[in-house]
Amino acid sequence: MAVHLHQLNQIQDSLIQELSKLESFGESTRQDCYCLHKVYFESLIDQHSTYGDLLSRIKAEYEDCIAAIERGQREAMHLSGKLAATFMEHQTFRNIKARADELNLKVALLRMQNHRGCRTTN
């Protein structure tokens, strides 16, 4: 039992050191930390075959949850982009309509001026 506790402490100390190194680089992401934890968790599973099946199932469940969260984040970003595009389409349509109305008014004014010009020359 003392051997297992010693191995656990070694794994934990090693993980803490690696996380510190990662943070010292200054640009570590949550994904980087997750990958590091994943490697050490797999090492723990490999070293402790007594609990290997249970730990593997726990790991698989966490990975499924993390994958679902990441999928949700990607979908949220995609939907956010589509929403922005849809909003911009509406705004663009309004701008085009306003420009068309403006041009129709100018055409009407030019026709009136042309019509007046024709009358004064006759």
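**Notebook: burial, core, pockets and distances**

I started with N104, which counts as exposed because its relative accessibility is 51% (exposed means over 50% relative accessible area, buried under 20%, partly exposed in between, with a 1.4 Å probe and protein chains only). N104 sits in helix α3 (helices are DSSP runs of H or I with at least four residues, strands runs of E with at least two, numbered from the N terminus). I then took its C-alpha distance to R74: 45 Å in space, with the two residues 30 apart in sequence.

The model is predicted, so I kept to its limits: local features need pLDDT of at least 70, side-chain atom pairs count only at pLDDT 80 or more, and totals for chains, interfaces and linings use all residues. Residues are numbered from 1 along each chain as its sequence is written, and side-chain values use heavy atoms, with hydrogens and water left out.

**Entry on Y51**

I looked up Y51 and found it in the loop between α2 and α3. Y51 is exposed, because its relative accessible area is 52%. From Y51 to R74 I read 34 Å, C-alpha to C-alpha, across 23 residues of sequence.

**Entry on K59**

Is K59 buried or exposed? I have it as buried, because its relative accessibility is 15%. K59 belongs to helix α3, which covers residues 52–121. Leaving out residues up to four places away in sequence, I list K38, F41, E42 and I45 as its contacts (heavy atoms within 4.5 Å).

**Entry on the core**

Which residues form the largest nonpolar core? I noted nine: I11, L15, L19, L22, L36, Y40, L44, I45 and L55 (a core joins buried Ala, Val, Leu, Ile, Met, Phe, Trp, Tyr and Cys through side-chain atoms within 4.5 Å). Helices α1 (2–24) and α2 (30–47) each give at least two residues to this core. L55, a core member, contacts F41, L44 and I45 once neighbours within four places in sequence are set aside.

**Entry on α2**

I checked the length of α2: its 18 residues should span 26 Å at 1.5 Å a residue, and the end C-alpha atoms are 26 Å apart, so the two agree (the expected span is 1.5 Å times one less than the number of residues). The buried residues of α2 are L36, Y40, L44 and I45, and these four names also appear in the core list. H37 is in α2 as well. H37 is partly exposed, because its relative accessible area is 39%. Beyond four places in sequence, I found H37 touching L15 and L19. H37 and M77 are 26 Å apart in space, C-alpha to C-alpha, and 40 residues apart in sequence.

**Entry on the largest pocket**

I put the volume of the largest pocket at about 310 Å³ (a pocket is an open set of points on a 1 Å grid over the protein atoms alone, where a 1.4 Å probe fits, with protein on both sides within 12 Å along at least five of seven lines; lining residues have an atom within 4 Å of a point). I counted 14 lining residues, with Y34, H37, K38, F41 and Y62 nearest the centre. Helices α1, α2 and α3 each supply at least two residues of this lining, and α2 has the largest share with six. By type, the lining holds nine nonpolar, two polar and three charged residues.

**Entry on the second largest pocket**

About 200 Å³ of space lies in the second largest pocket. I listed its lining as R30, Q31, C33, Y34, I66 and E70. Two or more of these residues come from each of α2 and α3, and α2 gives the largest share, four residues. I sorted this lining into three nonpolar, one polar and two charged residues. Y34 is on my list for this pocket and is also among the residues nearest the centre of the largest pocket.

Definitions and conventions: Grid points are joined across faces, edges and corners, and a volume is the space filled by probe spheres set on the points. Ala, Val, Leu, Ile, Met, Phe, Trp, Tyr, Cys and Pro count as nonpolar, Asp, Glu, Lys and Arg as charged, and the others, Gly among them, as polar.
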